[in-house]
Amino acid sequence: MVTRRRLLAVGASGGAAVLIPAGWAASGRALAAAAPLNAGDIPKYVTSLRIPPAMPAVATGPDRDEYVIAVRQFRQQILPPSWPRTTVWGYGSTAHPGSFGYPAPTIMARVGRPVRVTWVNQLVDDRGDYLPHLLPVDPTLHWANPAGGIENRDRHGQWDGSPQGYRGPVPQVVHLHGGHSTQESDGHSEAWYLPVARDLPPDFAVSGSAYHEFRSRFAERSGLRWAPGSATFEYANDQRPCTLWYHDHALGLTRENVYAGPAGFYLIGGGDELSDEALPGPAPDRDDPPNAAYRDIPLLIQDRSFTADGDLRYPERYSTGGDARSAQGDGPPVAVSGFSGSTIVVNGRTWPSLTVRPRRYRFRLLNGCNSRFLMLSVAANATARPARPVLPIWQIGSDSGFLPEPVPHERVTLGPAQRVDAIIDFTDLPAGTELYLVNEGPDGMFGGGRPGVDFPPANPRTTGQVLRFVVTDAAGADPSVPPEQLRLPSHPRLGAAQRVRRLSLNERSSGGSMVMLLGLLDERGRGLPLRWSDPVTEQPTLGDTEVWELRNFTRHVHPVHLHQAQFELLGRGHSGRTQPDPGERGWMDTVLAYPWEVTRIKARFDLPGRFAWHCHLLEHEDNEMMRPLNVLPRGGAAAGDGGRPAASGDGGGPAAPPTASTDAG
């Protein structure tokens, strides 16, 4: 039974989350054919922006900070007050029941100080029975597939005739996106695990094919053995101050797991970061008093669709093409090739409002959408298009740290998973001024170009609006430095490359639909697509620096993400000669690869083991646009990996034409 005390404990953080009674989700209400909610009917700017608090630690010692963080199911007010609450998943500290939320509390880390997190899958009800997914799951993909048992886990599954697809316990594994993590702490897609539930089917696999290997490796390294239904990861934080985020990464299920809510910020401070007085602050921290004022604010921007009952809505089938039986509703749920929600949600609330003082604010902008690209600017009119920016967005950092110097933008483009560390200066604006963060990215798949010229911008009355700023009276002096005067920390660049790899992004017809695949180039410079299960081809040698040339043979822009390695963007364009834009000259972990262009990046691989690289359009990632990345010890065989030794000038010069001797896979 759900007690009043337990309800109060779970909802202690402002009533944002409410525990779900046993059996509620299992009834399938979230999958019922409820009418879609018209996004135009949702009132905007009637709720305040929710700023995620700092994640509470369970121990802080001389060696590290320790957390025990679970994913749970609860109901949260995402739509405006008086509208229905939404059932979501989210992370929180198991020792602090009121901490659970969507998005999750922010893990506040420091350069050089390790963080150890035990990640627990608690997707069970109060009786201890497993909770099925909130969304229809396509079991025919190459995915975690617990129902396949030990022999067939992490493979294509079978459809059992249910129109809702797989309804069993949900795999989870957490990836710290952008983290410089060892293989056992990286959140490998095949290292997932099920919750400890009393009704787990006996023939199900309870963990992925890589779970036991990484559990053993972690035990050897730390002396700590993972408990069932969990994994303990350690993050060294031996990287630059930057804005990271954590999210689920289960094989073939990331799109729906992340859509359900489990994601949070991970901010690394300290090191050679500027003084507290130079940059706007403070950011949320542990033990902050209630109603603390923040001027370093993370913004998780996502698109979501809802039913009239307030439930999350996600497409179940292709709208055109594909299997005719599935299109008629007689087959299993079919993975869609892309998704655009009808509303914009910022930090877990639709179209919120933020009151600001006439001073400078730092915003950690994160595109957490499944497939939507964002083009953000600050305008005085929420609906006028083209938008007329009235304040610059000063970019001071990218995915993995500070830029060489601040860069002013009228419009910032963010692909899924990309981050921009930005300052917006509201100084001298009179009290009562209202400004809007607006979005002119497309409402469908992005192929590059300019809004209003090459594609229609997002609907200005719904997905074209993000957040309202309301300026209030000044209160105290602003000690931060104007962004145009900031002197940002410098970092050494990577040295010469030992190897050049020529890789491809491809589209192929499969079963009446288009599938996106990564791969190599053949001897004639054409794309040679490969799947997740094909032999590993990207096998750098430990300690080597490599140049990767990504040739995009598709019509779409793909955000390409490398695990473990932060990298420099060398150039892009038809031959890879075009210099990066100023905002792309810092360290990155996700780069936009434009159609019919070569995108050239340089990375150093300094941690051995099994990792991955993939497109971060989650619908693509889950349907084969992901490849293994194995970093070999020195002396390991690297034959057949699609690369060649670097020649003089390969570190930053133009791309060489493909030849049979250097590009054959």
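Biologist: Looking at this model, should I read Trp596 as buried or exposed?

Modeller: This is a predicted model, and in it Trp596 has a relative accessibility of 52%; because the exposed class begins over 50%, Trp596 counts as exposed. Phe553, at 24% relative accessibility, counts as partly exposed.

Biologist: How many aromatic pairs does the structure hold, and how are the rings of Phe553 and Trp596 arranged?

Modeller: The structure holds 24 aromatic pairs. In the case of Phe553 and Trp596, the ring centres are 6.3 Å apart and the planes stand at 75°, so this pair is edge-to-face. Phe553 belongs to the loop between strand 30 (545-552) and strand 31 (558-562), while Trp596 belongs to the loop between strand 33 (590-593) and strand 34 (598-604), so the pair ties together parts that are 43 residues apart in sequence. Elsewhere, ring pairs link Tyr193, Tyr211, Phe218, Trp226 and Phe233 into a cluster.

Biologist: Which charged residues should I look for over the rings of Trp351 and Trp587?

Modeller: Over the face of Trp351 you will find Lys44, at 4.4 Å from the ring centre. Over the ring of Trp587 sits the charged end of Arg240, 4.0 Å from the centre of that ring.

Biologist: Turning to the sheets, in what order do strands 33, 31, 35 and 36 lie?

Modeller: Strands of a sheet pair through backbone hydrogen bonds, either parallel or antiparallel. Here four strands form an open sheet in the order 33-31-35-36, with antiparallel pairing. Strand 33 and strand 36 are the edge strands, each pairing on one side only, and neighbouring strands of this sheet are turned against each other by 25° on average, direction ignored. Within the sheet, strand 31 and strand 35 pair in the antiparallel sense over three bridges, and His561 stands opposite His614 in strand 35. Strand 35 (residues 609-615) is in turn joined to strand 36 by six bridges, again running antiparallel, with Arg610 standing opposite Asn630 in strand 36.

Biologist: How many residues of strand 36 are buried, and which of them lie on each side?

Modeller: In a regular strand the side chains alternate between the two faces of the sheet. Six of the six residues of strand 36 (residues 626-631) are buried, so this strand is largely enclosed by the rest of the structure. Both of its faces are covered, since Met626, Pro628 and Asn630 on one side and Arg627, Leu629 and Val631 on the other are all buried. Strand 10 (residues 230-235) has five of its six residues buried, so strand 10 too is largely enclosed by the rest of the structure. Its antiparallel partner is strand 6 (residues 115-121), to which six bridges join it, and Val120 stands opposite Ser230 in strand 10.

Biologist: How far apart are Pro163 and Val334 in sequence and in space?

Modeller: Pro163 and Val334 are 171 residues apart in sequence and 9.9 Å apart in space, from C-alpha to C-alpha. Pro163 is found in the loop between strand 8 (155-156) and strand 9 (174-177), and with a relative accessible area of 48% this proline is partly exposed.

Biologist: How many disulfides does a search of the whole structure find, and are Cys242 and Cys369 buried or exposed?

Modeller: A disulfide is a covalent bond between the sulfur atoms of two cysteines. A search of the whole structure finds zero disulfides. Cys242, at 5% relative accessibility, counts as buried, and Cys369 is buried with a relative accessible area of 3%.

Note on methods
Residues numbered from 1 in each chain as written. Predicted model: local features only at pLDDT ≥ 70, side-chain atom pairs only at ≥ 80, totals over all residues. Heavy atoms only, no water. Phe/Tyr/Trp six-rings, centres within 6.5 Å; stacked < 30°, edge-to-face > 60°. Helix = DSSP H or I, 4+ residues; strand = E, 2+ residues; numbered from the N terminus. Buried < 20%, exposed > 50% of the residue type's maximum accessible area, 1.4 Å probe, protein only. Lys NZ or Arg CZ within 6 Å of the ring centre and 35° of its normal. Pairing = 2+ DSSP bridges. Axes fitted to C-alpha atoms, helices over the stretch in contact; angles between N-to-C directions. Disulfide = S-S within 2.5 Å.
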